[in-house]
Amino acid sequence: MSRATREAYRDRLLPLLRRHPELMCLDSDTGLFGAEYVEAAGEQYLNLGIAEHNLMGIAAGMAACGRVPFVNTMAAFATSRALEAIKIDIAYNRLPVRIMATHGGLAAGHLGPTHQALEDLAVMRVLPGMTVVVPADAAATEAFVEQSLDLPGPLYVRLGRKPTPELPAAPPPVIGTAQTLRQGGDVVLASCGPYPVLACLAAADLLAGQGVEATVLNMHTLRPLDTRTLVAAARPASLVVTLEEHWRGGGLGGAVAEALAESVPRTVLRLGMPDRFVDTVGNQEHLVEHYGLTAERVVRTVRTALDRGRTDLISSHS
C-alpha cells in the first residue's frame, strides 16, 4: 500500500487537535488542508498565507505562550526563506514548534531547483536543540507525529509529496533510534527517506546473492543521531555506505562520517545528489533514477570498494 507522508501527517494531526487544545495547525496556503479539515479543526487551524518568515515568528509567539504549533510549508521555503526566524525565534528559545516540511528532497522535481530541498537536512541539523526526522513511510510519519507531543524543543520533519511504498516489517519507529532493517557483518548501508531506504534494502538483497552480507539502517533521525546503533553495526564491517536524497555535503552522510570518525573510524562512502543544481525537470521517481539514487548504484559502489580493498591487501603483501 502506498500513502503520501504529508497526507499521513495531516490525517493523524486532526484527531490530536481534538484531544489536545494546546495544539495549533498553522498553514501557509499549502493546499494540503481542504475545507472539511479546516471546519473540523476550527480555531486550532490558521492559514497565514504565503509568508513563511511571518509564519515561523507567529509560531514562536504561540509556543512561548504555551501552545504547540504544527507549522506547514514546503521544505525549500522553511530552510531558506524562513531560516532566520527558525534560528532566532524558535531554536534560540528552544520552543516546541513542529516544522512539517513537505516536498522534501526531489519531491518537487517538476517545479525545478527553486522548489527542491537538497540542503534542508544540513541546514537544520546544525541548529542547537533541533530534532531532525525523515520518515521513510506513512506509518512512521504517524508515529512521529504522536511522539512529538512529548518531545521538548523544536522539531523539523521532512515529508514528501506523492504516495510512496510502505516499508516491509520493521521495528517500531522511535524518534532518536535507528531501525535495523537487516543484519550483516560485511558492510553497512545507512539511509533515510522513502526511496533511499527502499534502495538500500534492494541493494542488500542483490549483494547477498554475491556473497556480501549488509546491515541496513534506516537512520530516520539525523539529530539526535543514534550513534550507538551506528557504531555497533559498523564495528565488524569494513565499509559504510550512505544514500540520501540530498546534496552529498552536510546531510546524513556527513552526520554518519562525523560520528564514526570520533568512535570507530571506517571508510564512509557518501552517495547522494551531485554538487550542482538539478539540470533536468521531471517527477521524483525520474530524478531519483536519473541521478543514480538506486540499488544498482549502491551495489556498484560496494563491489568497487571491496574489490579495491582486496587488491590493495594483495599488493601490500606481494
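Trainee: In this predicted model, in which loop is P236 found?

Mentor: The residue lies outside the helices and strands on either side of that loop, which are α9 (227–234) and β13 (239–247). P236 is therefore found in the loop between α9 and β13.

Trainee: Is P236 buried or exposed?

Mentor: A residue counts as exposed when its relative accessible area is over 50%. For P236 the relative accessible area is 54%, so the residue is exposed.

Trainee: What distance separates the C-alpha atoms of P236 and V187?

Mentor: Along the chain, P236 and V187 are 49 residues apart. In space, the separation of their C-alpha atoms is 8.3 Å.

Trainee: Turning to helix α3, what length does this helix reach from its first C-alpha to its last?

Mentor: Helix α3 has 13 residues, and at 1.5 Å a residue the expected reach is 18 Å. The computed value is close to that expectation, since from first to last C-alpha α3 also reaches 18 Å.

Trainee: What arc around the axis do the buried residues of α3 cover?

Mentor: The residues in question are E52, L55, M56, A59, A60, M62 and A63, which are buried in α3. They lie on the same side of the helix, because the arc that they cover around the axis is only 165°.

Trainee: Which exposed residues does the face of α3 turned away from its buried side carry?

Mentor: The buried side of α3 is covered by elements that include β2 (23–27), β3 (45–47), β4, α4 (75–81), α5 and β5. On the face turned away from that side, the exposed residues are N54 and A64.

Trainee: How are α3 and α5 oriented relative to each other, roughly parallel or roughly antiparallel?

Mentor: The axes of α3 (residues 52–64) and α5 (residues 83–91) come within 8 Å and cross at roughly 5°. Angles under 35 degrees count as roughly parallel, so α3 and α5 are roughly parallel.

Trainee: Which residues in α5 do H53, M56, G57 and A60 of α3 meet?

Mentor: By class, the contact of α3 with α5 has five nonpolar, two polar and two charged residues. On the α3 side are H53, M56, G57 and A60, and the residues that they meet in α5 are E84, A85, I86, D89 and I90.

Trainee: For helix α7, what arc do the buried residues cover around the axis?

Mentor: In α7 (residues 138–147), the buried residues are A138, A140, T141, F144 and V145, and they pack against β1 (2–3), α1 (5–19), β4 (68–74), β5 (98–102) and β6 (131–133). They sit on the same side of α7, because the arc that they cover is only 155°.

How values were computed: Residues numbered from 1 in each chain as written. Predicted model: local features only at pLDDT ≥ 70, side-chain atom pairs only at ≥ 80, totals over all residues. Heavy atoms only, no water. Axes fitted to C-alpha atoms, helices over the stretch in contact; angles between N-to-C directions. Helix = DSSP H or I, 4+ residues; strand = E, 2+ residues; numbered from the N terminus. Parallel < 35°, antiparallel > 145°, perpendicular 65-115°, else oblique. Contact = heavy atoms within 4.5 Å. Nonpolar A, V, L, I, M, F, W, Y, C, P; charged D, E, K, R; others polar. Buried < 20%, exposed > 50% of the residue type's maximum accessible area, 1.4 Å probe, protein only. Arc of directions from axis to C-beta.
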